[in-house]
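Here is a short walk through a protein fold. Look at the picture first, then follow the helices in turn.

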Amino acid sequence: MSRSEDALTKKRQRRKPVPLEELPTGLWTVGDCARYLGKSDDWVYKRSADGTLPMRKHGADNRYVPAEIVAWATRAKGQ
């Protein structure tokens, strides 16, 4: 498997949810958000683009406020 194929596989890989305590404080990256939700990076990018997930633009990058993601996840579980 080439390096680019390996990176693409990791980007699409579903993850086990990671406890909040194991993630960084401050704004999260796409990878941090995906790890917390137990989703792939692609899933987070798509839900950010369609407005489902709350996110902030930081230059060209997406950033996530942990409290907003936790609140969103709590609401999503209740539906």
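Two residues are in contact when they have heavy atoms within 4.5 Å of each other. Keep that in mind, and remember that this model is predicted.

Start with helix α2, residues 30–37. Is α2 mostly covered or mostly exposed? It is mostly covered: six of its eight residues are buried. Those six are V30, D32, C33, A34, Y36 and L37. "Buried" here means under 20% relative accessible area. What do these buried residues pack against? Their partners are α3, β2 (61–63) and α4. Just after the helix comes G38. Its phi is positive, near 75°.

Now take one of those partners, helix α4, which spans residues 66–78. The axes of α2 and α4 come within 11 Å. They cross at roughly 35°, and the crossing is right-handed. Which residues meet there? From α2 come C33, Y36 and L37. From α4 come I69, V70, W72 and A73. The residues of this contact divide into seven nonpolar, no polar and no charged. A general pattern is worth knowing here. In soluble globular proteins, nonpolar side chains tend to be buried together. A helix also has a regular turn. An α-helix has 3.6 residues a turn, so residues three or four places apart point the same way.

Next, look at the largest nonpolar core. It has 15 residues. Which members touch the most others? They are C33, L37, V44, L53 and I69. Three elements give two or more residues to this core: α2, α3 (41–49) and α4. Among the contributors, α2 gives the most, with five residues.

V44 deserves a closer look. Leave out residues up to four places away in sequence, and V44 touches V30, C33, A34, L53 and Y64. V30, C33 and A34 are among the buried residues of α2.

Finish with S48, which lies in helix α3. Is S48 buried or exposed? It is buried, because its relative accessible area is 5%, and the cut-off for buried is under 20%. Where does its side chain reach? It reaches the backbone oxygen of V44, at 2.7 Å. S48 also touches L53, M55, N62 and Y64, again not counting residues up to four places away in sequence. Two of these names, L53 and Y64, appear in the list for V44 as well.

Note on methods: Residues are numbered from 1 along each chain as its sequence is written. This is a predicted model: local features need pLDDT of at least 70, side-chain atom pairs count only at pLDDT 80 or more; totals for chains, interfaces and linings use all residues. Side-chain values use heavy atoms; hydrogens and water are left out. Axes are lines fitted to C-alpha atoms, for helices over the stretch in contact, and angles run from 0 to 180 degrees between N-to-C directions. Helices (H or I, at least four residues) and strands (E, at least two) are DSSP runs, numbered from the N terminus. A crossing is left-handed if the near helix is turned anticlockwise from the far one by less than a right angle, and right-handed if clockwise. Ala, Val, Leu, Ile, Met, Phe, Trp, Tyr, Cys and Pro count as nonpolar, Asp, Glu, Lys and Arg as charged, and the others, Gly among them, as polar. A nonpolar core is a set of buried Ala, Val, Leu, Ile, Met, Phe, Trp, Tyr and Cys residues joined through side-chain atoms within 4.5 Å. Buried means under 20% relative accessible area, exposed over 50%, partly exposed in between (1.4 Å probe, protein chains only). A polar contact is a pair of N or O atoms within 3.5 Å; within protein, one must be able to donate a hydrogen and the other to accept it, and residues adjacent in sequence count only if both atoms are side-chain atoms.
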